Amino acid sequence: MLYIHCPYCEEHRSEEEFHYKGQAHIARPDDPDNCTDVEWADFIYRRDNPRGEHKEQWYHTVGCRKFFNAIRDTQSYEIKTTYKVGEQPDMAAGIVTGQQGSNAS
Amino acid sequence: MSDRQERDQTRVWMQQLPSGDVRVESPLYHADLPSMMAINDDAGADTAGGVALAELPLQAHLVIRGRAEAPGFQESLTQALGLQVPTRLSSVSDGSQTLRWIGPDEWLLTAPASQAFDIETKLRAALPGHVAVVDVSGGNTILLLSGLHARSVLKKSTSYDVSDRNFPLGKVVTTTMGKSQAVIRRVDELGWELIIRRSFADYLWLWLQDASAEYGLSVHE
Amino acid sequence: MSQTNLRISGGRIRRDRPIAFTFNGHRYAGYEGDTLASALLANGVDVVGRSFKYSRPRGVMGMGAEESNAIVQLGATDATEVPNVRATQQALYDGLVARSTNGWPNVNFDLMGLVGALAHRLMPPGFYYKTFMRPAFLWQSYETLIRKAAGMGSSPVAPDVDRYDHMNHSVDVVIVGAGPAGLAAALAAGKTGATVILVDEQEEVGGQLLHRQAKIDGMLGADWVEQALSILLSLPNVTVMARTTATGYHDHNFITLHERVSDHLADQAPEQSVRQRMHRVRAQSVLLATGAIERPLVLANNDVPGCMLASAVSAYIKRYAVMPGKDLVLMTAQDDGYRAAIDWHDAGHKVVAIIDARVTAGDDCTQAARSRGIAIFPQSGVIEVIGTTRVKAVKVAALSPNGEQVVGNPQTLICDTLAMSGGWSPAIHLSCHTGAKPEWREDIAAFVPGLTVQKQWLAGSVKGDFRLADCLSAGSEAGTATAAFCGFTSADAVAHQWQVDDWDDGPAMAYFHVPHTKATSRAPKQFVDFQTDVTAAGIEMATREGYESIEHVKRYTAMGFGTDQGKTGNINGMAITARALGKTIPETGTTIFRPNYTPVTFGAVVGRHSGQLFDPERYTALHRWHLAREAVFEDVGLWKRPRYFPLAGETMDEAVARECLATRNGVGILDASTLGKIDIQGNDAREFLGRVYTNAWAKLAVGKCRYGLMCGEDGMVFDDGVTACLADNHFAMTTTTGGAARVLEWLEHYHQTEWPDMEVYFTSVTDHWATITLSGPQSRALLAEVSDGIDLSGDAFKYLDWRQGSVAGVPARVFRISFTGELSFEINVQAHYAMHVWEAIFALGDRFGLTPYGTESMHVLRAEKGFIITGQDTDGSVTPFDLGMGWCVSDAKPFSYIGKRGMARQDCIRTDRKQLVGLLTVDPNQVLQEGAQAVDDPEQTIPMTQLGHVTSSYFSHCLQRSIAMGFIRNGHARMGDIVYYPNLDGTATAAEICSPVFLDPEGARQHV
């Protein structure tokens, strides 16, 4: 179960408080009516499926009810950072969960 | 305020409480808590070592929305309620009214039952800009969970960290409770307040009774 | 009782607390502190089960989680059965009842055993695949027989009477394993003030210290454990949990701990206490001090009862005061194995010989054996065990220096017990759960945990540090490090240096498989995985048949597939695979262990989420009334809604007929409180509605309501409802009962991520307002009797208006909207007052024939009017036009609202899409099956050309005939056509395509 830092509550919370909302930064086209069918299909269906870092959207459903973004490694499930809608990710924010660690001793 | 706005707004919110003699039923009315209190009394239950549960029913519950950083918003809210606006994950209480941070633009106010309409009226007049006030009194109830094992019951019910160092007095957290949810506030050393939704009240009441069973449960006013 | 003969002095059992238990129908005696395994050994029970495939007699081999033979079925009743319990991990309690899992019809006379003994040549690896998979249709019956014969344990058939529980924790440090490393770590971390949970799967903490001769600071191991434990228990920040297994290590340092709270107390457990508890722990850091598991050696007939792990022999002698036999032979490839022989000798029994595969052994162990007069056979091996239900003798022979060939003539040594010590395999299982790939270390001939993404530390044998002194110092250092990582340090920074008095163990030999004078394929069975009966010959055969990947060998032979996950067998199996392939072990690779470490009962998985608490049941404010009226309920989402209100003796059909007719002819009353309700405020609220609904909202006046359809960006309908304009900047939206949460999240999603500058707030008021619907020609007259302040006349309060007033003295908002096609009023009051209002209406209702109706009647009434239910008449592939609801789609809105572009896609504007139509069966008494597929030609050969399915179908008592709605390809253009619905019996039901509005198409009934 993931441990996710909500950038609004400024705390880590258990995954069960959140809904996963898919890939982040999929902007609704400004002029839908002049999109081709292919462009519209890109918007509503086609998503990246990277092996590694993935920008994704989460909703703090049972909490502050705010949407936010996360950068998560799809292999290790490490969450590098989370950031508010409209913000740029701060990779140095120090809120990493599942840090590349260690068999430290 | 234009005539039209005035006419509109008189329709928007209303005194929702009846003036006459009307039976009112809290979400746990059917659970007949008074009869369970009588059992405590008969048994002379020692409540100190276990878990005590009470419903604080029929309070006024108002959702207040607004931009915390908007000019004049916090000042107006403070002036209207006589309460500071709580910051992230905290609450402010004067004993009668309690204001809780729910999200960056959302607060939950509780107050004595009869005050909902007056407070809503006052807030609508006072708050500037883009705001919303919603009476949700009928949709919530408050449970008070206390006793030496209250924390254990919470640990059975939510994955949120309820240790002293993470959950000081006055902190407010909306989180999972069983398979439902609650707004949890630490009210004193051994006491916790849970604001729960009406339709889930029966489930959570059963859940908490069951979770408390091994510690001994008593019901209080 | 025979147990006294095998009991010796000492040990940690409570001789003052004797216990009676039953195994396979026989009564035995043991002591508190015994495990079931130690008590069985004390009673001379050699055979505790039969093996999975060959049905060979098996006895206790180990002493803990690694046990792969002594797996039993526990429990005296249908309700308390627990399958697959390791006897070595089950504390003995008074009245315990257990029986062999394997062995049918019984453990001493076994049908499969005969088959296995006579026909074992016929059961090679892959046997089940090769033999039973064809013909495929018989597999199910084969499987039943195989399971019964092989003994896979049986599931309890009655409800579990015990209580189970979950508990969540957030701590700084979780330490798994309370042996020397774990205890030292807990002492170090505990004194810093960090919160620490220390768990151990055994009945008491201490691990091997409980049975080892070594001394720490001059104390025996067990005394040192006691001292450490008393220090830990005095620290309020430290929690020590014995009989608690860390079963899974999950993402982001989430770890599950399975605590057997009262399994050892059984009936004596306090009332209300839980039997098992699953602790769900979020840890800042996890320290694995899980130790290591001893490997048996692969040699001929190494599964005969009496063959045991050397460390288990020591544990039974020193910890449980049980002699597992009289005369011991030890077969070892490392110094550590000698300890079992020394313990055996010192307990006063005969050690026949120590057989050591190595050319030379360490000085300390050699000295210890020589000084006791124990014979040592260097560079030798036990090549075969003789016996069936108990070891009778072993054959010993000299080996080549690398141990791979027999070079001397075998001699026979008489003994009844063979202790085996092939080396130690670090218990890397939890580390594997994190995705870490094990790494082979040549120097210790073992896999150790690989790098992980988790915040994980290691100490002791799990890391390959097998020496006691190293375990203690590494534990101490790791405990300090984990606490420091969490921000806790101790002023007393100097790590404790313990003085350890122990043998200095020399190097072990990487040794797995003892050869026989015959080739492996012809030698007696040399078992690798005892639980799944995988042999060395089987693995070699698998490689001969072309299986080269260890993952394939595993699946072909079933190695590691038992409930023990191959704890004792996997490494031996990989070594034999590697040799057969001519590769090294790291080249061959290893399989990965997955959660759970040991089996977890379903009870512990479920916790208290069972029975009434399985899922929340949501109730409306009127639920008590519905119960009193003996409503039959229906689940709608989590809600319990009355489906119908039967009178005495009524069937559902009769009740629904009565409720529908009463509503059409008089007045019905419905609890509609479950409808989702969302309060929407803000200057941009109206514009927002226009973007999320398909129709126009710009001109909706205050005091008016409007129906709307919500679509996804793909143009497909997903919810609908009525929204009222309370003020120019304030709306009250309703959603479907099941869609409430989804719609609110949908609105928030668009607002927060697409249009954050729009001034609008959404708040759920579903629970706040109770909704009571009065429907029927008499509804106005009834409402007039009970309401105040509302002019109910048709002119003043029109269809799709809402008004504010009071009902039964309670302030109310009344909406004149209708889902039945009748004159209807939806009364909304604060939920705390709903029961009063409902009962007040009923007090006046008799005169009007007021009849409560449920969701089933609601469905019939709305279907008579052709009103859709999203989720029933839609399935995510349906546009508003497909529904014939183009009237609810605006093309005049300036903003390209959600769904507009989607429904303009090429595929959505095809004329031959499936479209929703009404269906009237030619025989009015025939009711179509919901889900049935229409065809044009019922005589067409299968597969027929399908036109679309029935979505809603009822018998309408109002219309005295069946009615249905469904999809038909190009249906809107096919009014009047006949289509057919093939039935299972070969017949087909004919129906005519028509408008879905079966009743009052002009709307005269609701516009009154």
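Colleague: In this predicted model, how many residues of helix H24 (residues 855-864) of chain C are buried?

Modeller: A residue counts as buried when its relative accessible area is under 20%. Within H24(C), C:Thr855, C:Met858 and C:Leu861 are among the residues that meet this description, and so are the charged C:Glu856 and C:Arg862. The helix is mostly covered, and the number of its ten residues that are buried is ten.

Colleague: Which helix is included in what covers the buried residues of H24(C)?

Modeller: The cover includes several strands of chain C, among them E32 (632-636), E33 (639-644) and E48 (948-956). It also includes one helix of chain C, namely H19 (652-665).

Colleague: Which residue with a positive phi follows H24(C)?

Modeller: The phi of this residue is near 75°. The residue that follows the helix is C:Gly866.

Colleague: What is the radius of gyration of chain B, and why does it agree with a compact globule?

Modeller: Chain B holds six helices and eleven strands, and 57% of its 221 residues count as buried. For 221 residues, a compact globule would have a radius near 17 Å, and the value for chain B agrees with this: 19 Å.

Colleague: Which element of chain A has the lowest mean pLDDT?

Modeller: Chain A as a whole has a mean pLDDT of 90, and 87% of its residues reach 70 or more. Among its elements, strand E1 (residues 3-6) has the highest mean, 98. Where pLDDT is low, predicted coordinates should not be read in detail. The lowest mean, 50, belongs to strand E7 (residues 102-103) of chain A.

How values were computed. Residues numbered from 1 in each chain as written. Chains lettered and ligands numbered in written order. Predicted model: local features only at pLDDT ≥ 70, side-chain atom pairs only at ≥ 80, totals over all residues. Heavy atoms only, no water. Helix = DSSP H or I, 4+ residues; strand = E, 2+ residues; numbered from the N terminus. Rg over C-alpha atoms; globule rule 2.2 N^0.38 Å. Buried < 20%, exposed > 50% of the residue type's maximum accessible area, 1.4 Å probe, protein only. pLDDT = per-residue confidence, 0-100. Contact = heavy atoms within 4.5 Å.
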